[in-house]
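Trainee: I would like a close look at a single part of this model. Please take one residue and work outward from there.

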Amino acid sequence: MGEIKLSDSECRLISVIWEEEPVNSTELVKRCGERFGWKKSTTYTILKKLEQKGAVCNKETMVASLVDRQRVVEQEGRELLHRTGSTLPDFFAAFLKDRKLTKEEARRIYKMIEDAQE
């Protein structure tokens, strides 16, 4: 599957789907109402857009993703850096400005940096 562009609301909805999948569409509407204050019609409209993009499958009221979370995160990250003209160090500096990493998060990031070095 090629790149798929998701709006903010589509990202929110697919995140809920990733956490709950497979999830009944009625339960999905309930979760989105609780988390985002969305009405039933809003959830179904966004769900339909995700279906049209080939990101989810809604069959017999059961919803599941057709795209991998990690792949979408990678794509969205690249797109953000491109749109803002930022570098990866700039991104990390902004992201970590008011936040502390856990030891496990720092260990994972160090490992990624080591693995990515030429």
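Mentor: Start with Val56. Leaving out residues up to four places away in sequence, Val56 touches Ile14, Ile17, Leu47, Leu50, Glu51, Val63, Ala64, Ser65 and Leu66. Keep in mind that this is a predicted model.

Several of those names come back in the core. The largest nonpolar core holds 19 residues. Val56 is listed with Leu13, Ile14, Ile17, Leu28 and Leu50 as having the most contacts inside it. Three elements give two or more residues to this core: α1 (8-20), α2 (25-36) and α3. Helix α1 supplies the largest share, five residues. As a general background, nonpolar side chains in soluble globular proteins tend to be buried together.

Now the strand. β2 spans 56-59 and is an edge strand, as is β1 (23-24); each pairs on one side only. The open sheet has three strands in the order β1-β3-β2, with antiparallel pairing. Four bridges join β2 to β3, residues 62-65. Within that pairing, Cys57 stands opposite Ala64 in β3. Ala64 is also among the contacts of Val56.

Next, the helix over these strands. Helix α3, residues 40-52, lies across β2 and β3. The helix runs at about 115 degrees to β2.

Follow the turn from β2 into β3. Glu60 lies in the loop between these two strands, and so does Thr61. Phi of Glu60 is near 50 degrees, a positive value in a residue other than glycine. Phi of Thr61 is near 65 degrees, again positive and again not in a glycine. What about their exposure? Glu60 has 69% relative accessibility, so it counts as exposed. Thr61 is partly exposed, with a relative accessible area of 42%.

Compare another glutamate, Glu10, in helix α1. Glu10 counts as buried because its relative accessibility is 3%, and the cut-off for buried is under 20%. What does Glu10 contact? Setting aside neighbours within four places in sequence, the list is Lys5, Ile46, Lys49, Leu50 and Lys53. Leu50 links back to the start: Leu50 is also in contact with Val56.

One last backbone detail lies between α1 and β1. Pro22 is found in that loop. A cis peptide bond joins Glu21 and Pro22, with omega about -10 degrees.

Notes. Residues are numbered from 1 along each chain as its sequence is written. This is a predicted model: local features need pLDDT of at least 70, side-chain atom pairs count only at pLDDT 80 or more; totals for chains, interfaces and linings use all residues. Side-chain values use heavy atoms; hydrogens and water are left out. Two strands pair if DSSP finds at least two bridges between them. Contact means heavy atoms within 4.5 Å. Axes are lines fitted to C-alpha atoms, for helices over the stretch in contact, and angles run from 0 to 180 degrees between N-to-C directions. A nonpolar core is a set of buried Ala, Val, Leu, Ile, Met, Phe, Trp, Tyr and Cys residues joined through side-chain atoms within 4.5 Å. Buried means under 20% relative accessible area, exposed over 50%, partly exposed in between (1.4 Å probe, protein chains only).
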